[in-house]
Amino acid sequence: CRSVVPFLHCYIISFSQAEDRVCLQMGDPENPQLSKDGDIILGGIFSFHRSWINRRDTYMHKPLPLQCISLNFRGFQYAQAMLFAIDEINNSSDLLPGITLGCKIYDSCGSIARGVRASLALINSQETTFKLSDKCTKPAQVQAIMGESSSSPNMAAATVIGPFHIPLISHFATCACLSDKNKYPSFLRTIPSDHYQSRALAQLVKYFGWTWVGAVRSNDDYGNNGMATVIETAEELGICVEYSVAVFRTDPMIKILQIIDIIKSSTSKVIVTFLSPGDLNVLLQEFSQHNLTGYQWVGSEGWIFDSHTAAMDVHHILDGAVGLSIPKAHVTGMKEYILDVKQLNSSSKELFREFWEALFDCKFENSASTTTENQRECSGHEDLAGVKNTFTDMSLMPIFYNIYKEVYAVAHALHDILSCNNTCNKTAQLDPFTILHHIKRIRFKTKEGDEVYFNENGDPPAKYEIINWQPTENGNVEFVPVGLYDASLPADRQLTLTNRTLVWAQNSEQVPVSVCSEKCPPGTRKVLQKGKPVCCYDCLRCADGEISNSTDSISCVRCHSEFWSNERRDACIKKKEEFLSYEEMMGALLTAASLLGTCLTAVVMFIFFRYRRTPIVRANNSELSFLLLFSLTLCFLCSLTFIGRPSGWSCMLRHTAFGITFVLCISCVLGKTMVVLMAFRATLPGSNVMKWFGPAQQRLSVLGFTLIQVFICLLWLTISPPFPFKNIKDFKDRIILECALGSAVGFWAVLGYIGLLAIMLIFCAVWVTFIPAYVSSPGKFSVAVEIFAILSSGFGLLICIFIPKCYIILLKPERNTKRNLMGKEAPTH
């Protein structure tokens with residue numbers, strides 16, 4: 001498009017000093033399409049047309065004026081809403097009494113350049129010539145301008161008129177960028193900023209669990225800025241955007257098809273849009289031709305409650321869409337006023353004829369527009385009754401209400417400036433800066449009870465309805481409110497949905513699923529897929545001993561040292577405590593063996609006591625035999641201290657008691673062995689060795705050997721005694737309850753002393769075998785190995801020393817004689 005801005009060029013008409021130089025305006029003057037006289041004039045810029053014809057300039061002649069095409073009924077509705085507010089104020093005795101408001105309304109045709117030209121025309125006079133001697137600083141033609149619907153045209157206009165402080169108020173420009181008062185100091189609006197809508201859309205997507213979405217936006221300031229905030233907020237909420245594409249209604253077909261291909265090849269099923277209706281309609285046509293259905297649409301307020309868009313969606317591609325809209329509104333008398341098209345007679349003749357022909361689908365005689373076959377002729381007296389089109393559709397009443405509030409905001413500011421009470425001060429000089437300052441500070445309620453005010457950025461409070469497109473039985477679409485979003489509430493209460501049933505894409509009652517990866521269940525953790533967004537991940541099972549008890553956990557938590565993960569890895573359970581107990585098979589068998597050894601020892605002791613006077617008992621020091629049997633009994637019994645749950649006393653008793661009693665056993669065996677050795681030496685002539693190893697010396701040797709072990713055990717218990725210990729290192733899934741040695745030196749000293757005294761082969765074999773078996777056995781099996789060594793030693797002593805003697809005493813009594821023991825009795829045949 002061409003940027004056509006009115007400039008003034010000075011031509012010297014006369015060189016006479018008496019004559020003034022005259023400046024002529026270059027280009028054609030801009031005249032309003034609608035006007036209304038009044039004491040104070042307000043400006044309006046609306047798009048009565050959607051587009052224009054592009055011409056290629058040859059630069060050989062003056063460019064022709066922009067030719068607008070494609071009539072836009074919405075622009076006429078906006079103009080009617082402005083006229084309604086002006087007439088209501090003029091007929092009011094409470095607001096601006098004695099002052100009438102007028103207006104000049106221009107058609108921008110959807111062109112940014114034409115909108116800027118209209119803005120300049122509104123603040124300048126309509127004079128085409130003026131003398132340089134005239135005063136240049138004149139009051140602005142209008143005191144405020146009701147701006148366009150889109151953001152980009154308002155940004156351009158606000159940039160141009162901002163330095164003059166002319167208030168520019170928009171009813172539908174939502175770009176958050178317009179809140180920047182450094183760039184747009186005179187801009188205000190009666191619709192919330194996209195700063196809130198963008199965040200609300202992202203929260204809405206998060207609410208329904210969609211983490212993998214596509215994004216489509218209008219390629220203008222409205223779409224680009226709005227979608228940028230949506231994506232930024234979505235990423236903060238853990239939502240990933242698979243693709244983000246921009247479209248504009250004038251884009252070539254090849255670009256539209258590229259966008260279609262991107263959407264077709266995507267895996268996301270939700271499309272978040274920040275589109276104007278015109279841009280969306282271009283996409284809808286291609287969607288229907290390529291049979292692209294089944295997508296869940298999420299829309300901004302730009303199209304989500306636009307009935308024209310719904311009518312264009314003949315293939316029901318948008319059915320089930322959800323999005324944000326301005327809350328419903330009702331203004332008494334506005335609908336009837338808008339539908340009274342006679343008000344538009346003040347428009348230019350060409351524009352009114354074009355509007356009338358499009359509204360009633362007829363043609364005036366000698367009409368310049370193309371006539372279709374069988375099209376009826378316009379009479380100029382047609383009635384709107386029965387006509388259904390965009391002009392008769394009142395779904396944008398909230399936007400009409402915004403225009404109504406704009407006009408009233410200016411009126412209240414003027415009311416204060418002119419000090420109106422019963423009358424107004426008509427002589428007061430109106431200054432744009434003062435008007436702008438008062439508009440920013442006004443706070444009033446409309447006749448419908450809604451409060452109107454602006455914050456420091458010139459924005460109203462942000463409230464939205466959540467709309468769901470629900471198809472009806474007759475094939476139309478109903479915009480059903482299903483929730484609210486109020487940015488003034490705390491973050492956790494801003495978004496609320498009612499209990500109404502929502503309809504989703506393809507009339508489904510189930511919420512669509514749109515994720516790159518399914519949620520990771522408890523017991524797993526997310527691992528990002530290489531080179532893909534954070535929403536694309538694999539679910540890995542937690543390792544042993546780790547859990548995750550929430551969905552989509554990013555890490556697994558290790559259980560406490562005394563706990564272990566369950567099979568599902570979603571809870572920590574207390575580890576099984578393991579020790580050698582009496583109830584298990586191995587513990588019961590060892591207990592039985594211990595008791596059996598005790599009983600056998602007791603039987604042998606009884607037999608020896610019963611036959612204590614027989615030669616075989618009296619031989620080889622019967623006193624040591626009874627002491628040995630007593631110590632064996634203690635050895636068998638002390639093995640029981642190794643079975644059962646370890647306690648402080650059992651840990652200190654098990655090793656020390658066994659060490660002392662077993663040393664006592666070996667001391668007795670050594671004593672008896674020394675007696676035998678000395679007896680053989682005593683047979684030598686002249687030997688008196690037996691007097692040095694009599695009963696007294698035997699007792700002292702046993703006592704001495706035993707006291708050394710007692711001393712070692714006392715040192716061990718004093719310095720670092722054994723204690724109950726929970727072993728969590730050897731096994732991951734269970735706790736071994738065992739007795740820690742306390743001092744390893746003490747333990748091996750006790751064991752080493754036993755080994756030093758174990759001179760018999762059976763004991764050497766047992767205890768040499770015990771050491772590697774004890775060290776290598778895990779958990780309770782090390783205790784079992786120790787018990788087995790004790791019992792083996794005990795049974796070895798019992799069997800090797802006493803069982804043969806019991807055999808003779810009980811079964812071969814005839815051999816239990818002194819002569820037989822001395823070997824002097826002849827053998828019997």
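Let us start with strand β4 (residues 40–46): 7 of its 7 residues are buried, so the strand is largely enclosed by the rest of the structure. Buried here means under 20% relative accessible area, with exposed meaning over 50% and partly exposed in between (1.4 Å probe, protein chains only). Strands (E, at least two residues) and helices (H or I, at least four) are DSSP runs, numbered from the N terminus. Before going on, please keep in mind that this is a predicted model, in which local features need pLDDT of at least 70 and side-chain atom pairs count only at pLDDT 80 or more, while totals for chains, interfaces and linings use all residues. Residues are numbered from 1 along each chain as its sequence is written, and side-chain values use heavy atoms, with hydrogens and water left out.

Back at β4, I40, L42, G44 and F46 point one way, whereas I41, G43 and I45 point the other way, and all are buried. On the pairing side, β4 runs parallel to strand β7 (residues 101–107), joined by 7 bridges, and the bridge partner of I45 in β7 is Y106. Strand β9 also pairs with β4 in the parallel sense, over 2 bridges; there, G44 stands opposite M146. Two strands count as paired if DSSP finds at least two bridges between them.

From β9 we can step to helix α3 (residues 151–161), which is mostly covered, with 9 of its 11 residues buried. Among them are M155, A156, A157, A158 and I161. The buried residues of α3 pack against α2 (112–123), β9 (145–146), β10 (168–170), β11 (187–189) and α5.

Helix α5 leads on to a second region. An open sheet of 8 strands has the order β13-β12-β14-β15-β16-β19-β20-β21, and its pairing is mixed. Its edge strands, β13 (240–247) and β21 (495–497), each pair on one side only. Ignoring direction, neighbouring strands of this sheet are turned by 25 degrees against each other on average. At the β21 edge, strand β20 (residues 477–486) and β21 run antiparallel and are joined by 3 bridges, with G483 opposite L497.

Two helices can be followed on this sheet. Helix α5 (residues 221–236) lies across β12 (212–218), β13 and β14, running at about 135 degrees to β14. Helix α6 (residues 253–265) packs on the sheet too, touching β12, β13 and β14, and its direction makes about 165 degrees with that of β13. Contact means heavy atoms within 4.5 Å, and the angles run from 0 to 180 degrees between N-to-C directions, using axes fitted to C-alpha atoms, for helices over the stretch in contact.

Just after β14 (270–274), S276 sits in the loop that leads to α7 (277–289). S276 counts as buried because its relative accessible area is 15%. Leaving aside residues up to four places away in sequence, S276 touches S218, Y222 and R249. R249 in turn forms a salt bridge with D279, the closest N and O atoms being 3.4 Å apart. This pair links distant parts of the chain, with R249 in the loop between β13 and α6 and D279 in helix α7, 30 residues apart. R249 is partly exposed at 35% relative accessible area, whereas D279 is buried at 0%.

A salt bridge is a side-chain nitrogen of Lys or Arg within 4 Å of a carboxyl oxygen of Asp or Glu, and the whole structure has 23 of them. Another one joins E578 and R734 at 3.1 Å, N to O. Here E578 lies in strand β28 (residues 576–578) and R734 in strand β30 (residues 734–740), 156 residues apart. E578 counts as buried, at 13% relative accessibility. Salt bridges that share partners also join E562, K574, E577, R645 and K726 into one network.

Finally, a look at the chain as a whole. The chain holds 21 helices and 30 strands, and buried residues make up 50% of its 829 residues. Of the contacts with a separation of 6 or more, 68% come from residues 24 or more positions apart.
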